[in-house]
Amino acid sequence: MWLLRSLGMILPAVCSAFLAGCSPAEETGPVVLAAASMQEGLTASTTAWSAEGHLPPVLSFASSAAVARQASQGAPADIVVTSDDRWMNWLAERGGIAGMPVPLVANGLVVVAGRNGSAAGSLAAFAKDPSAGRLAIGEPESVPAGEFARIALQNMGLWNVLSPRLAPGENVRASLALVERGEAAMGIVYASDAAASDKVRIVQRIAPSMHPPIVYYAALTANSQDEDAADLLDFLTSAEGRAYLLERGFVKP
């Protein structure tokens with residue numbers, strides 16, 4: 001009798017634990033592939049959208065080249081956001097988006113150094129000192145932030161002297177991290193990235209005339225399956241949705 005009573009108490013608990021382990025995963029909303037520099041702003045904007053009663057979206061961040069390639073290869077994504085038109089056009093040419101891409105926000109380039117470091121006061125001064133250390137930028141052949149930085153350095157007459165001292169990163173956040181950790185004396189990143197870090201300070205703002213306009217684009221992917229994806233895209237490009245990005249160092253496109 002004692003054994004039967006014990007089993008009667010144990011079995012329901014075991015069954016409940018088993019059923020809980022077999023319960024379906026939590027439902028999620030649209031999947032968004034976005035440029036690494038969008039992390040804080042896009043997270044804040046999509047959180048506000050979810051608060052209106054939508055399932056929370058899944059956000060994945062990488063370089064614009066990486067997210068464009070992922071989308072082109074059929075990754076299960078609903079929205080893609082790139083930090084330039086080159087990779088969005090590249091994706092469009094391969095049938096990876098539905099409809100026209102929408103300008104989302106714009107950005108600028110800044111030169112940063114460690115908050116407590118003793119870096120030079122400008123890129124020009126940094127370039128004159130061969131022992132001043134390395135300059136972190138995005139990979140200049142594929143990462144938009146690196147391409148913009150390369151063009152800016154060329155237009156400023158500093159590319160030839162600084163190119164041997166570059167520390168290229170796989171995305172702009174990787175470049176920022178090198179400066180934060182002191183592995184690069186200075187770095188060129190987006191203004192929004194500098195605003196997101198309390199470990200760096202802005203040494204110099206690069207004039208917009210030194211590089212092409214930095215405009216982020218968003219679009220639905222061609223294989224989007226989420227019925228809320230279009231609504232999320234509309235929110236992100238609305239005044240309300242953009243406000244969360246503008247608060248974090250971005251500007252209107």
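Me: Before we look at this predicted model, how is the angle between two axes classed?
Reply: Happy to start there. Angles under 35 degrees count as roughly parallel, over 145 as roughly antiparallel and 65 to 115 as roughly perpendicular. The rest are called oblique.

Me: Which class fits α2 and α10?
Reply: Helix α2 (residues 39-50) and helix α10 (residues 229-236) have axes that come within 10 Å and cross at roughly 120 degrees. Roughly perpendicular ends at 115 and roughly antiparallel begins over 145. The two helices, α2 and α10, are therefore oblique to each other.

Me: Which residues of α10 meet α2?
Reply: On the α2 side, the contact uses Leu 42, Ser 45, Thr 46, Ala 48 and Trp 49. By class, this contact has 6 nonpolar, 2 polar and 1 charged residues. The partners in α10 are Asp 231, Leu 232, Phe 235 and Leu 236.

Me: And how are α3 and α4 oriented to each other?
Reply: The axes of α3 (residues 64-72) and α4 (residues 85-93) come within 9 Å, crossing at roughly 10 degrees. Trp 87, Trp 90 and Leu 91 are the α4 residues in the contact. With angles under 35 degrees counting as roughly parallel, α3 and α4 are therefore roughly parallel.

Me: How many residues does the largest nonpolar core have?
Reply: Leu 135 is a good place to begin, as one of the residues with the most contacts inside this core. Leu 135 touches residues including Leu 123, Phe 126, Leu 153 and Ile 188. Apart from this core lies another, of 13 residues, with Ala 75 and Met 88 among them. The largest nonpolar core has 58 residues.

Methods: Residues are numbered from 1 along each chain as its sequence is written. This is a predicted model: local features need pLDDT of at least 70, side-chain atom pairs count only at pLDDT 80 or more; totals for chains, interfaces and linings use all residues. Side-chain values use heavy atoms; hydrogens and water are left out. Axes are lines fitted to C-alpha atoms, for helices over the stretch in contact, and angles run from 0 to 180 degrees between N-to-C directions. Helices (H or I, at least four residues) and strands (E, at least two) are DSSP runs, numbered from the N terminus. Contact means heavy atoms within 4.5 Å. Ala, Val, Leu, Ile, Met, Phe, Trp, Tyr, Cys and Pro count as nonpolar, Asp, Glu, Lys and Arg as charged, and the others, Gly among them, as polar. A nonpolar core is a set of buried Ala, Val, Leu, Ile, Met, Phe, Trp, Tyr and Cys residues joined through side-chain atoms within 4.5 Å. Buried means under 20% relative accessible area, exposed over 50%, partly exposed in between (1.4 Å probe, protein chains only). Lists of a residue's contacts leave out its neighbours within four places in sequence.
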